[in-house]
Amino acid sequence: MESTDEVLCRSVADREPGAFDLLVERYQERAYRIAWSILRDREEAKDCSQEAFLRLHESAGSFAGQSKFSTWFYRIVVNCCLDHQRRRRGWRRLLGWRDTHDDPDEGDPVERAPAPFVDPVESVETDRRMTQLWSAVEQLSPQQRAAVLLQCKEGLATKEIAVVLSLSEATVRVHLHRALATLRKRVGDKA
Amino acid sequence: MNSVHVEELLAAHARGELEGAERARVEGHLDGCAACRETLAAFRGLIEELGAAGPPAPPIHWGAYRAELREKLERRTAPRSTAWTAVWRPAPALVAVGLLAGLVYVGLPGGGRGSPTGDRIPFENLILASRLDMIAKLDVVQQLDVVEDFDVIDHLDRLSTGEG
């Protein structure tokens, strides 16, 4: 029978061989996808998601099992990404660089989209709307973007997102509401 | 109609997360508020669209990813504090300080570039000056067998006066 994530995490804490590799294989894609959605850079997403696994290895013993393993681990991933962004912003400020995310009106958001949405099955109009929508998502604040992604792509409930982002449920609701209201304003309602 | 809008609860309501009194309050308000109903429909549409597809993360080679992670883990868990590493730990800082001092020196007026002032003559110039006689007698020096003719080199100055 396949071990649950929680059992595997305890095995990692006990340094049982193979347990860490199994958890990595289970979560590598989700960790990388979440990191990429926040950072929008392949190398940084790879490094931050790997850093999250290293932190998992170090602190597996502190997982109390009060929440789901996935919630606990997503929190580590998000924290790694937000820490990384803070450091990057600090260096940019120190070196006098301008962060393009500071100015949402900078350039054409469609051109700045790193990976245009392509779905040959859908109509051209739908493609255009989705490209606009994800470009608009990219312009949200990192916390709003993380909240939207965790809810819409990873299927987490507001309560779980609050744990992952270390925020109250009320704050997550505000983030989600503002994110959706901003997206609606930028791309309009679906025809 | 309840005059207090419930917009901040609409995203949660759209996902069916609200319960009890909160849910009843939102539903009661929606019954009489067309604006909030419209917002709810728009939010539902957006949540559906965002969940359906998205820009794919750039592809990655998972085997290489795990190998790199394993390497990082080994580096991090390897024992670090040997006596040798303790001795060398300040080395990067010392190198950085040395480089900084060099840059500051080069950047100063007369420091590192420009003509030497006062008694300060660069060491290279002293070496060059001591070999000027060899350059003047280059045709002779080039024909010498170095091992055999140290003597001749030592007495190059006498060649010009016809001695030796």
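I take a residue as buried when its relative accessible area is under 20%. The model I am consulting is predicted.

**Entry 1: aromatic residues of helix H4, chain A**

I looked up A:Phe73 and found 0% relative accessibility, so A:Phe73 counts as buried. For A:Phe69 the value is 1%, and this residue therefore also counts as buried. A:Trp72 is buried as well.

I then turned to the aromatic pairs, of which the structure holds ten over all chains. A:Phe69 and A:Trp72 have ring centres 6.0 Å apart and planes at 50°, so I recorded this pair as tilted. I noted that these two residues lie three apart in H4 (residues 69-94), which means a separation of about one helical turn. The pair of A:Phe69 with A:Phe73 is stacked, with 5.8 Å from centre to centre and 5° between the planes. Here the residues are four apart in H4, again about one helical turn.

I traced one aromatic cluster made up of A:Tyr27, A:Phe53, A:Phe63, A:Phe69, A:Trp72, A:Phe73 and A:Tyr74.

**Entry 2: charges over rings**

I found the charged end of A:Arg30 over the ring of A:Tyr27, 4.3 Å from the ring centre. The charged end of A:Arg40 sits over the ring of A:Trp36, at 4.5 Å from its centre.

**Entry 3: helix packing between chains A and B**

I examined H9 of chain A (residues 169-187) against H3 of chain B (residues 34-52): the axes are 10 Å apart, at an angle of about 90°. I therefore describe H9(A) and H3(B) as roughly perpendicular. Among the contact residues I listed A:Leu180 and A:Arg184 from H9(A), and B:Glu38 and B:Phe43 from H3(B). The contact residues comprise nine nonpolar, two polar and two charged.

Definitions and conventions:
Residues numbered from 1 in each chain as written. Chains lettered and ligands numbered in written order. Predicted model: local features only at pLDDT ≥ 70, side-chain atom pairs only at ≥ 80, totals over all residues. Heavy atoms only, no water. Axes fitted to C-alpha atoms, helices over the stretch in contact; angles between N-to-C directions. Parallel < 35°, antiparallel > 145°, perpendicular 65-115°, else oblique. Contact = heavy atoms within 4.5 Å. Nonpolar A, V, L, I, M, F, W, Y, C, P; charged D, E, K, R; others polar. Phe/Tyr/Trp six-rings, centres within 6.5 Å; stacked < 30°, edge-to-face > 60°. Buried < 20%, exposed > 50% of the residue type's maximum accessible area, 1.4 Å probe, protein only. Lys NZ or Arg CZ within 6 Å of the ring centre and 35° of its normal.
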